[in-house]
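Here's a quick tour of a ligand site and of one contact elsewhere in the chain. Have the structure open as you read.

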Amino acid sequence: MNRFDGAPSRFGNHKVLLTGAASGIGRATAIRLAAEGAHVFGVDRAEEGLKETAAAVAGPGTFTFRTTDVTDEPAVIETVREAAAELGGIDVLANVAGMHRTTPIATLSVEDLQELFSVNLVGTALFCREALPHLPDRSGVIVNVSSLSATQGNPFMSAYAASKAAVLGFSVTLAAEVSGRGIRVVTVSPGSTDTPLVRSVAFPEGADAGYYARLLAPLGVATPEQIAGTIAYAASADAGYLTGADIRVDGGAHM
Ligand SMILES: NC(=O)c1ccc[n+]([C@@H]2O[C@H](COP(=O)([O-])OP(=O)(O)OC[C@H]3O[C@@H](n4cnc5c(N)ncnc54)[C@H](O)[C@@H]3O)[C@@H](O)[C@H]2O)c1
């Protein structure tokens, strides 16, 4: 039994490479896709979290994993090669790994910008580059996780927002570039979701809490499972006519 009993089974024997699988939205995605029959190869830099995800995956699909930092180019090359060999190919790449940090403009550093872009954009781009030769023509799918922050002003988050906006720009262009092969590239942009990432956000002294209160979604804070459901949809044949698109799953926060 698992939390997705009753969900349709759209991924029977599909091979999925998933980053960020040790926590939050990535873990929920691993559980969801395996519940729909997928064989998931999870990647993260947090080994303990990967083990916890492995214990939480109930099948009928499977979950294996490798500890990798998505910013380490040689490690990414080796990881994708290993995933493709172990799974026997890759049908779906889901880039969920990401990091967040508040960066008030007065103290914004080059290191902040470089680290956020390195994880959120460079890591995503490297996995796309390495996985694409393995993805099958006409059915391969890439789902990249961006953020509502890419298009909605959230004070003190400019560096994070810019790195996530870069994911949008990267993905729509990649979608056009690989469209001749019939490979789809979709972004999913969550609003505020209850994960360790959000819980760790530290707002600067004097931040206007009222501003954030006005941005609250009518549907409240998302569960990781709600975002995983959207990622699963984007990766499935149900979304077969969707590419170069961004799915903003924000509980109405943009309204
Ligand atoms: N939680 C939210 O409100 C929210 C909103 C919009 C977008 N997102 C995005 O959703 C994605 C998942 O975030 P989450 O909320 O589940 O957070 P999370 O912190 O629970 O999970 C993020 C995972 O990424 C991994 N990771 C970070 N840097 C890594 C690196 N260099 N190499 C390998 N793994 C790395 C972490 O170890 C962690 O397991 C992120 O891309 C995040 O930016 C989250």
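A polar side-chain atom of Thr195 lies 2.6 Å from an oxygen atom of the ligand. Bear in mind that this is a predicted model. Ser23 also reaches the ligand through its side chain, while Gly98 does so through its backbone; here are the three contacts side by side.

| Residue | Protein atom | Distance to a ligand oxygen atom |
|---|---|---|
| Thr195 | polar side-chain atom | 2.6 Å |
| Ser23 | side-chain N or O | 2.6 Å |
| Gly98 | backbone N or O | 3.5 Å |

How much of the ligand's accessible area does the protein cover? On its own the ligand has 820 Å² of accessible area, and the protein covers 94% of that.

As for where the ligand sits, look in the largest pocket. The elements that put two or more residues into the shell around the ligand are α1 (24–35), α5 (158–177) and α6 (196–199). Of these, α6 gives the largest share, with three residues. In total, 28 residues surround the ligand, and the closest are Ser23, Asp44, Tyr160, Thr193 and Thr195. By type, the shell splits into 13 nonpolar, eleven polar and four charged residues.

Now for the salt bridges: the model has 14 of them. In one, the side chains of Arg10 and Glu36 meet at 3.0 Å, N to O. Arg10 belongs to the segment before β1 (15–19) and Glu36 to the loop between α1 and β2 (39–44), so this pair ties together parts that sit 26 residues apart in sequence.

Notes
Residues are numbered from 1 along each chain as its sequence is written. This is a predicted model: local features need pLDDT of at least 70, side-chain atom pairs count only at pLDDT 80 or more; totals for chains, interfaces and linings use all residues. Side-chain values use heavy atoms; hydrogens and water are left out. A residue is near a molecule or strand if one of its heavy atoms lies within 4 Å of it. A polar contact is a pair of N or O atoms within 3.5 Å; within protein, one must be able to donate a hydrogen and the other to accept it, and residues adjacent in sequence count only if both atoms are side-chain atoms. Accessible areas come from the Shrake-Rupley method with a 1.4 Å probe; for residues, only the protein chains shown count as cover. On a 1 Å grid over the protein atoms alone, a cavity is a set of points where a 1.4 Å probe fits but cannot get out, and a pocket is an open set with protein on both sides within 12 Å along at least five of seven lines; lining residues have an atom within 4 Å of a point. A molecule sits in a cavity or pocket if more than half of its atoms lie within 2 Å of its grid points. Helices (H or I, at least four residues) and strands (E, at least two) are DSSP runs, numbered from the N terminus. Ala, Val, Leu, Ile, Met, Phe, Trp, Tyr, Cys and Pro count as nonpolar, Asp, Glu, Lys and Arg as charged, and the others, Gly among them, as polar. A salt bridge is a side-chain nitrogen of Lys or Arg within 4 Å of a carboxyl oxygen of Asp or Glu.
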